[in-house]
Amino acid sequence: MAAVERAVTIEDLRQLALRRLPDFISRYVEQAAGDGGGVKRNIAAFRQYQLVPRGLVEVTPVDTTTELFGRKYASLFGISAVGTGGIYRRHFDEILAEVAREANLPYILSGSASASIETVARIAPEQTWFQLYGAKTDELTDHMIGRAADAGIKVLVLTVDYPIRPRSEVVERTGVSAAAGPTLRNFPSLFLDALRHPAWTADYLRHGGIPKLESWAPYAPPGSSTKEVAHFYVDNWVCNSTWRDVERVRQLWKGALVVKGLVHPDDASRAVQAGADAVTISNHGGNKLDCMQGALDSLVFVRKAIGPKVRLFFDGGIRRGSDLIVAKALGADHCFIGRATIYGTAAGGRTGAKRAVDILQNDLTYTMAMIGCRTNADVTREHVTGQATP
Ligand SMILES: Cc1cc2nc3c(=O)[nH]c(=O)nc-3n(C[C@H](O)[C@H](O)[C@H](O)COP(=O)(O)O)c2cc1C
């Protein structure tokens, strides 16, 4: 049995991923922004809460299905957008789409994905949602929206949490960009790192280096190399969305629109007024700033501001089934995971990605039964004690 199949927790998968990935990549995932405090705080925010079980309730079989935008999914969680995933594992996006299809979970394909929109939508036509940042010109942004619609995608996720290009101290130190890969200038310092992680390095060399950003390749000049596409992407990817963009995208996109990356209650309310069908509370998994509050700390306040009916999604720091329950109890309708499936896929490809999903799903159903909840609707604020009350 492969080591990933023996993993019992997401932390086990994380350890396996850290062993396989070179340091310049794993530090980038682990530290994210600044000193890495944002990632840690997202996880710590969950530890402020404890569960309060109810007894003598009929709990079997536990039913975690959730309806979102008129479609039924199998659980309380989906897989969130991760850009340039091919650096963790070749065919990262395709693997996650397959796993999401089999598990019937929503899968948000990143607007900076290594795979193309069309490829992933073909793999998981019912589960794929598309995430958009926006590009330098409206023309390019609109073309991506059109491609998502033509590919049959029904949910668009507009990420709005990067007003400027994010900084990573790890990337500044190593000089290695996730999209373009190492250059000869930084190669000497990476040489030992690569030698210490032979499985990743062999894979990298066998496939000819960093994969091309297929999502952006059609926009770069014809015949562009991987590096040229990466540079085109870096020059043309613009993250400074404003309310005008939300309103413009709302006009263009006929399907469900999710605005991802807000934490302030007033911003969430305004997104709903601008026509969003759902809001995702997210601080980009701590990648935005190291000194932000945990994403979970916003949840009750945002729920109070937007009222009980608007769809509210949450991500940031989810590593256990109980985290999903805490988020649900505090007001989330649905949650998303980022690192949990990065760890699984990096550690063991498709088997590892599936293991990450199974670990969370098994832990979720176990914990729901233990607190006396048979369905998601049974999880209430009373099942959780601790911290923030609006
Ligand atoms: C390495 C990495 C890359 C990411 N890339 C994107 C992206 O391209 N688009 C996006 O909207 N969010 C992106 N995110 C944020 C995730 O979608 C999600 O909000 C976050 O990972 C959730 O936190 P968690 O990792 O603790 O589960 C990325 C996160 C990580 C860690």
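How many nonpolar, polar and charged residues make up the shell around the ligand? In this predicted model, the shell has six nonpolar, 12 polar and four charged residues. The ligand is surrounded by 22 residues. Those that come nearest are S80, A81, S110, T159 and D315.

Side chains of the protein make polar contacts with the ligand. The side chain of D315 places an N or O atom 2.8 Å from a ligand oxygen. D315 is also among the residues that come nearest to the ligand. Two further contacts involve nitrogen on the ligand side. For Y133, an N or O atom of the side chain is 2.9 Å from a ligand nitrogen. For Q131, the corresponding distance, again to a nitrogen atom of the ligand, is 3.0 Å. The ligand taken alone exposes 610 Å². Of that area, 97% is buried by the protein. The ligand takes up the space of the largest pocket.

Cysteine pairing was examined next. A search of the whole structure finds zero disulfides. C335 takes part in none, and its nearest cysteine sulfur, in C373, is 14 Å away. Why does C373 not form a bond with C335? The sulfur of C335 is the closest cysteine sulfur to that of C373, but at 14 Å it is too far for a bond. A disulfide requires the two sulfur atoms to be within 2.5 Å. Both cysteines can also be placed by accessibility. C335 has a relative accessibility of 1% and therefore counts as buried. C373 has a relative accessibility of 0%, so C373 counts as buried. The cut-off for buried is under 20% relative accessible area.

Key: Residues numbered from 1 in each chain as written. Predicted model: local features only at pLDDT ≥ 70, side-chain atom pairs only at ≥ 80, totals over all residues. Heavy atoms only, no water. Near = heavy atom within 4 Å. Polar contact = N/O pair within 3.5 Å; in protein donor to acceptor, adjacent residues only side chain to side chain. Areas by Shrake-Rupley, 256 points an atom, 1.4 Å probe, with all protein chains shown as cover. 1 Å grid on protein atoms, 1.4 Å probe; cavity = no way out; pocket = protein on both sides within 12 Å on 5 of 7 lines; lining within 4 Å. Sits in = over half its atoms within 2 Å of the grid points. Nonpolar A, V, L, I, M, F, W, Y, C, P; charged D, E, K, R; others polar. Buried < 20%, exposed > 50% of the residue type's maximum accessible area, 1.4 Å probe, protein only.
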